[in-house]
Amino acid sequence: MKNILVIHGPNLNLLGMREPEIYGRLTLDDINRNLSQKAENMGVSITFFQHNAESALVDRIQLTMTDGADFIIINPAAFTHTSVAMRDALAAVNVPFIEVHLSNIFSRETFRHHSYFSDLAVGVISGLGAKGYELALEYALTKR
Ligand code: DQA
């Protein structure tokens, strides 16, 4: 069985209430529930982790060295543009990952145009809203 880990970075716990014109009206629970349903239909195991602290996110990434995660779907949120520590953790564990952003980071402020993750990622999905997570999951499932 394939084990997929979905990691959500800071402030994504506020989805639904947070700048809905940019991030949409679905809550994080809505997004996770939808992904759970899809994973269950495909018979794969999926786990979710959201945290606002960089250290907790680094620790969770490091855990994939021993927890059997085969694939990571990650929205590093604001840490996309700042976190060498999370980048190094992903490089260290060597688990393939897709970087997802709800908004199109390239059509926003210039400080959002750079990601510390994209060159390590299998792929990047940015600007397709919650659908981006679904597409990432579909891709991960084809890699079984
Ligand atoms: C985001 C884009 C980031 O620039 C921002 O800091 C976020 C969310 C997105 O999903 O569009 O918190 O990753």
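## Helix H4 and the parallel sheet

Helix H3 (54–63), strand S3 (71–75) and strand S4 (97–101) are among the elements that cover the buried residues of H4. The model is predicted.

**Helix H4.** H4 spans residues 84–93. Its buried residues are Met 86, Ala 89, Leu 90 and Val 93. These residues sit on the same side of H4, because they cover an arc of only 95° around the axis. Asn 94 follows H4. The phi of Asn 94 is positive, near 60°.

**The sheet.** Two of the elements that cover H4, S3 and S4, also belong to an open sheet of five strands. The strand order is S2-S1-S3-S4-S5, and the pairing is parallel. S2 and S5 are the edge strands, each pairing on one side only. On average, neighbouring strands of this sheet are turned by 15° against each other, with direction ignored. Strands of a sheet pair through backbone hydrogen bonds, either parallel or antiparallel.

| Strand | Residues |
|---|---|
| S1 | residues 3–8 |
| S2 | residues 45–50 |
| S3 | residues 71–75 |
| S4 | residues 97–101 |
| S5 | residues 123–126 |

**S1 and S3.** These two strands pair in the parallel sense over five bridges. Within this pairing, His 8 has Asn 75 of S3 as its bridge partner.

**Helix H2.** H2 covers residues 28–42. This helix lies across S1 and S2. Relative to S2, an edge strand, H2 runs at about 165°.

Notes
Residues numbered from 1 in each chain as written. Predicted model: local features only at pLDDT ≥ 70, side-chain atom pairs only at ≥ 80, totals over all residues. Heavy atoms only, no water. Buried < 20%, exposed > 50% of the residue type's maximum accessible area, 1.4 Å probe, protein only. Helix = DSSP H or I, 4+ residues; strand = E, 2+ residues; numbered from the N terminus. Arc of directions from axis to C-beta. Contact = heavy atoms within 4.5 Å. Pairing = 2+ DSSP bridges. Axes fitted to C-alpha atoms, helices over the stretch in contact; angles between N-to-C directions.
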